[in-house]
Amino acid sequence: MAAIPVCKKDSPSEMIAEMIAALERDGCAIVHGVIDQSERDAIARELKPYLDSADPGASLNKIYEAEGGPADFYPGNTKRVTALVAKSETFRGFVTHPLMIGACDALLKPNSRTYQVHATAALVIGPGATEQMLHREEDPFQFFKLPRPNMIIASMWALSDFTEANGGTHIVPGSHRWPKERTARPEEIVAAAMPAGSVLLWMGGTFHGAGANRSEQWRSGVFLSYSLGWLRQEENQFLDVPPNIARTLPKQVRDLIGYRMHLGLGYVDAPPKGE
Ligand SMILES: O=C(O)CCC(=O)C(=O)O
């Protein structure tokens, strides 16, 4: 039966090694206990004004389609807030978290001198939301024929409990190695069930999508992905985190959102100077 591996090793280095092995083998992994209650409270407080004003209705799909995304991508009662590096100080700590740096160093670094934040979003799914279509983070790069080098690592940080009933992210373990035409059978799709504070990671080639929310509660998570330094970022960090904000950020965060060059790509006349 298909399952998402849960990493259980106690020491941080052994646990990161276990997670990397699971990502390579199964294209997905869950790690429990990554963010504590105070960090979850802090990010919820920082994002509250944006989530309070986000429209969970059809307008989200219109915005997404206008951005070049597929039609009806968010199937009802879903709030999406992006530009999280600019909007949440707590989220900046997620960007440089040793778990993510460990995964990116092992799985992206062999294919690029640098890696970068690819996209960020709070994704909050309400009662009645239906199942999202399965998709792959690598879909925009489909002109690059299979097999490809690892290009993207994605993650979902659980701010509330994730369950099969409340819209826990659907994952198809092993699908990162499938040929282009292979689709998922129902029994191959697994809902990520994990307590608040956990992180689900998956590879750019892994099929996934939000589950349907058949519960009475909202499911709350933040999405964070990384890509090779020579790819176009999914979220335009230079517009979402403009130079006046970027220069106030720690250098590691500023570098990771793309304010640095990859072998001469991305030069500018006047780079933002910061700490
Ligand atoms: O909300 C989720 O669990 C996954 C969402 C997702 O994959 C997306 O919006 O692209």
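How far from an oxygen atom of the ligand does a polar side-chain atom of Tyr74 lie? I looked this up first and found 3.0 Å.

**Ground rules.** I am working on a predicted model, in which local features need pLDDT of at least 70, side-chain atom pairs count only at pLDDT 80 or more, and totals for chains, interfaces and linings use all residues. I number residues from 1 along each chain as its sequence is written, and my side-chain values use heavy atoms, with hydrogens and water left out.

**Entry: ligand.** I listed the residues around the ligand (a heavy atom within 4 Å of it) and got Phe73, Tyr74, Leu123, Ile125, Gln132, His135, Met156, Thr169, His208, Ala210 and Arg219. I then looked for polar contacts, which are pairs of N or O atoms within 3.5 Å; within protein, one atom must be able to donate a hydrogen and the other to accept it, and residues adjacent in sequence count only if both atoms are side-chain atoms. Besides Tyr74 at 3.0 Å, I noted a polar side-chain atom of Thr169 at 2.6 Å from a ligand oxygen and one of Gln132 at 3.4 Å from a ligand oxygen. The ligand taken alone exposes 290 Å², and the protein buries 94% of that; these areas come from the Shrake-Rupley method with a 1.4 Å probe, and for residues only the protein chains shown count as cover.

**Entry: Ala193.** I followed Thr169 to Ala193, 24 residues apart from it along the chain, and found their C-alpha atoms separated by 8.1 Å. Ala193 sits in the loop between strand E7 (190–191) and strand E8 (199–203). Helices (H or I, at least four residues) and strands (E, at least two) are DSSP runs, numbered from the N terminus. Outside four places in sequence, Ala193 is in contact (heavy atoms within 4.5 Å) with Ile30, Phe162 and Thr163.

**Entry: cores.** I use buried for under 20% relative accessible area, exposed for over 50% and partly exposed for in between, with a 1.4 Å probe and protein chains only. A nonpolar core is a set of buried Ala, Val, Leu, Ile, Met, Phe, Trp, Tyr and Cys residues joined through side-chain atoms within 4.5 Å. The largest one has 53 residues, and those with the most contacts inside it are Met19, Phe91, Trp157, Leu201, Val222, Leu224 and Tyr226. A second, separate core has 21 residues, including Cys28, Ile30, Ala119 and Leu200. I listed the contacts of Leu201 beyond four places in sequence; among them are Met19, Leu23, Met100, Ala103 and Ile153.

**Entry: helix H6.** Met100 and Ala103 took me to H6, where Leu99, Met100, Ile101, Gly102, Ala103, Cys104 and Leu107 are buried. That is 7 of the 10 residues of H6 (residues 98–107), so the helix is largely enclosed by the rest of the structure.

**Entry: helix H3.** Which residues of H3 (residues 59–66) are buried? I found Leu60, Asn61 and Tyr64. Seen down the helix axis, they fall within an arc of 95° (taken from the directions from the axis to the C-beta atoms), so they line one face of H3. This buried set packs against strand E3 (78–82), while the face turned away carries the exposed residues Lys62 and Ala66. Gly68, just after H3, takes a positive phi of about 100°.

**Entry: backbone oddities.** Asn77, in the loop between H3 and E3, has a positive phi of about 45° although it is not a glycine. Asn77 is partly exposed at 23% relative accessible area. Ala83, also not a glycine, has a positive phi of about 60°; Ala83 lies in the loop between E3 and helix H4 (84–87) and is buried at 8%. A cis peptide bond joins Leu146 and Pro147, with omega about -10°; Pro147 is in the loop between E4 and strand E5 (152–158).

**Entry: His118 and Gln237.** His118, in strand E4 (residues 115–125), is buried at 2% relative accessible area. Its side chain makes a polar contact of 3.0 Å with that of Ser227. Contacts of His118 beyond four places in sequence include Phe141, Ile152, Tyr226 and Gln237. Gln237 lies in helix H7 (residues 237–240) and is buried at 1%. Beyond four places in sequence, Gln237 is in contact with Val85, Val117, His118, Thr120, Pro242 and Ile257.
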